[in-house]
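Work through these exercises with the structure in view. Each task is followed by a solution in steps.

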Amino acid sequence: MGSVPEEMALGFGDLVGDLREVYESGRTRDLEWRQSQLRGLVRLLEEKEEDIFDVLREDLGKHRGESFRDEVGFSFLCASNECFAFCLSNLGSPSVQSSNVTIYIPLCSGWGSEEVRRGQAAELQELGGTREGMFLLNTPAWRHSVSLLSWLSAHTPLVAFPATAFVVPEPLGVVLIFSCWNLPIGLVLEPLSGALAAGNAVVVKPSELAPSTSAFLAANLPKYLDPKAVKVVEGGADVGERLMEHRWDKVLFTGSSRVGRMIMTKAAKHLTPVALELGSKCPCIVDWLDSNRDSQVHHLCSSCSSVLRRQNDRNNASMIEMLKTTLKKFFTKPEYMSRILNEKHLKRLSDLLADRRVAASVVHGGHFNPKTLTIEPTLLLNPPLDSDIMTEEIFGPLLPIITVKKIEDSITFLKSKPKPLAIYAFTRNEKLKNRIIEETSSGSVTFNDAIVQYGLDSIPFGGVGHSGFGQYHGKYSFEMFSHKKAVLKRSFLIEFMFRYPPWDETKISM
Ligand code: NAD
């Protein structure tokens, strides 16, 4: 790959052209290739762990503990447990390797099994037929007619008889992944694993606001992955805009709603499908707080964008005290707290507190240090609902606590706001849990924990409404970068002439 300035002069036309050529050659569809890419990602995490800690500390002041938990550890969890390993085993089970038809492999081995109807072939053989549906040749038709018809109506409508229908996932082609600065490793590697498992050629555009991490990815991804099919393009908004001039087969964008809108507009020119993982709030309803359970308060401090609690709860006074104590316990050393990204973000956050009504609601913290780019974790009690801190994304260590009359009112409160990425709730009340699930809309709902849903690959991760659209993680990442091609295989055995002219009344009444 040429340097970014050279490529920029060419507007990235050559880069995209080269990748399209590689994709069209069929190289990335090959099962062995996909497995080798996923193994490369695993090796990268194993061999470069310390380097990753270093760049995350340089860019974001992240402690290695936090970096391990949120980025390396999460990716390792995926690797060793279900995500990358899932890719590997699902793409390469022995029964599947013996197949000649590699494109069927993800389907047959799990990642499409809902669509494939695994019982189908066996069921047909039992009836003395073949997968193609030519079972009537060997089967006394009347003996089996009832079961055949019920089987057919469940799988393929009578109009297509005799046939089988199924779904084959195919790679989309050449895809582009934009990531942002706050999780600059995880938000690249997780979608990248899905794009590679699905057999695509990929361009990764890391955030320029995490420059050391961006340089690390640019230097290392080509060493661990196929450099002809995976490219890293570094740079800022201008580079992103130029990339978006081209036709992609899919764009996954993680970042702000402002830029997400621009990405979608540019993608529309080429009818490029997009997935947007956008900025949002993650409110937490606190119905039950156990004063002996520190972990609950830990979650509030580290993962939620606001807390909703009920009036006259006997725990209300202790909740603030518990939060204060936990914050003190969390950050006994300055290096335990990530710094704010840059002066611009520090100013954005201090502006949120500049409103006098908001400043008056601060019950803990509120101090900024421009020299160290740090903000004391801050608790605010009932800031005005029309203030910027309640209407804008916060994305910093400021936690508003809002009091509602009854805890059920928090549902009405959430419904009056844009749909969040996640809703959390601490409660033992099953009725409340069901109401939250049924009556609110959000990317995810988690009870009695927070952020942990991000680490699960058994459920999809993504937003809804203002928090974006398109879901990934685990097999959902594979699906995000695949097209589910509908396939119908029909036999020449029987023709239903009533489907064609010349029309007559008898045929229509059949
Ligand atoms: P951003 O929108 O400024 O940038 C994201 C990416 O887009 C970067 O790679 C950037 O270089 C590129 N970009 C910027 N301007 C562009 C343009 N005009 N054209 C093309 N590309 C452009 O976001 P950020 O400040 O890096 O990230 C913070 C945001 O990301 C927050 O809003 C946060 O909530 C959100 N976020 C969302 C998720 C999620 O999964 N939903 C996860 C983490 C962060």
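**Exercise 1. Classify His 473 as buried or exposed, and describe its backbone.**

Step 1. Count neighbours. His 473 has 25 other C-beta atoms within 10 Å.
Step 2. Apply the cut-off. A residue is buried if that count is 20 or more, so His 473 is buried.
Step 3. Place the residue. His 473 sits in the loop between S16 and helix H23 (475-480).
Step 4. Check the backbone. Phi of His 473 is positive, about 95 degrees, although the residue is not a glycine.

**Exercise 2. Decide which burial class Ile 451 belongs to, and describe its backbone.**

Step 1. Locate Ile 451. The loop between strand S15 (444-447) and strand S16 (468-469) holds this residue.
Step 2. Count. Ile 451 has 16 C-beta neighbours inside 10 Å, so it counts as partly exposed.
Step 3. Read phi. For Ile 451 the value is near 65 degrees, which is positive in a residue other than glycine.

**Exercise 3. State how far the model can be trusted, and where caution is needed.**

Step 1. Note the kind of model. This is a predicted model.
Step 2. Take the overall confidence. Mean pLDDT of the protein chain is 82, and 80% of its residues reach 70 or more.
Step 3. Take the scores for the complex. The predictor gives an ipTM of 0.99 and a pTM of 0.86.
Step 4. Find the weak stretch. Over residues 93-143, pLDDT stays under 50. The model has 78 contacts beyond four places in sequence for this stretch.
Step 5. Draw the lesson. Where pLDDT is low, predicted coordinates should not be read in detail.

**Exercise 4. Summarise the protein chain as a whole.**

Step 1. Count elements. The chain has 24 helices and 17 strands.
Step 2. Gauge burial. Of its 510 residues, 39% count as buried.
Step 3. Look at contact range. Among contacts with a separation of 6 or more, 65% join residues 24 or more positions apart.

**Exercise 5. Describe the shell around the ligand.**

Step 1. Count the shell. The ligand is surrounded by 28 residues. The closest are Cys 180, Gly 240, Gly 255, Val 259 and Gly 279.
Step 2. Sort by class. Twelve are nonpolar, eleven polar and five charged.
Step 3. Find the contributing elements. Helix H14 (237-243), strand S5 (250-255), helix H15 (257-269) and strand S6 (274-278) each supply at least two residues.
Step 4. Name the main contributor. H14 gives the most, with three residues.

**Exercise 6. Compare the settings of Ala 267 and Lys 405. Which is buried and which is exposed?**

Step 1. Start with Ala 267, in helix H15. Ala 267 counts as buried because it has 20 C-beta neighbours inside 10 Å.
Step 2. List its partners. Leaving aside neighbours within four places in sequence, Ala 267 is in contact with Met 244, Val 251, Thr 272 and Val 274.
Step 3. Turn to Lys 405, in the loop between strand S13 (398-404) and helix H21 (409-415). Lys 405 has 10 other C-beta atoms within 10 Å, so it is exposed.
Step 4. Check a distant pairing. Lys 405 and Gln 311 are 94 residues apart along the chain, yet their C-alpha atoms are separated by 5.1 Å.

**Exercise 7. Trace the nonpolar cores.**

Step 1. Recall the background. In soluble globular proteins, nonpolar side chains tend to be buried together.
Step 2. Take the largest core. It has 67 residues. Those with the most contacts inside it are Val 175, Ile 177, Leu 192, Val 202 and Val 204.
Step 3. Find the biggest supplier. Helix H12 (residues 186-197) gives the largest share of this core, seven residues.
Step 4. Zoom in on Val 204. Beyond four places in sequence, its contacts are Ile 177, Val 188, Leu 192, Leu 217, Leu 221 and Val 232.
Step 5. Add the second core. This separate set of 36 residues includes Leu 327, Ile 389, Ala 422 and Tyr 424.

**Exercise 8. Examine helix H13 and its packing.**

Step 1. Compare spans. H13 (residues 211-224) has 14 residues and reaches 20 Å from its first C-alpha to its last, close to the 20 Å expected.
Step 2. Pick out the buried residues. They are Thr 213, Ser 214, Phe 216, Leu 217 and Leu 221.
Step 3. Find their partners. These residues pack against helix H4 (49-60), H12, strand S3 (201-205) and strand S4 (230-232).

Key:
Residues numbered from 1 in each chain as written. Near = placed C-beta within 6 Å. Helix = DSSP H or I, 4+ residues; strand = E, 2+ residues; numbered from the N terminus. Nonpolar A, V, L, I, M, F, W, Y, C, P; charged D, E, K, R; others polar. Buried ≥ 20, exposed ≤ 12 C-beta atoms within 10 Å, placed from the backbone. Core = buried A, V, L, I, M, F, W, Y, C linked by C-beta atoms within 7 Å. Contact = placed C-beta atoms within 7 Å. pLDDT = per-residue confidence, 0-100. Expected span 1.5 Å × (residues − 1).
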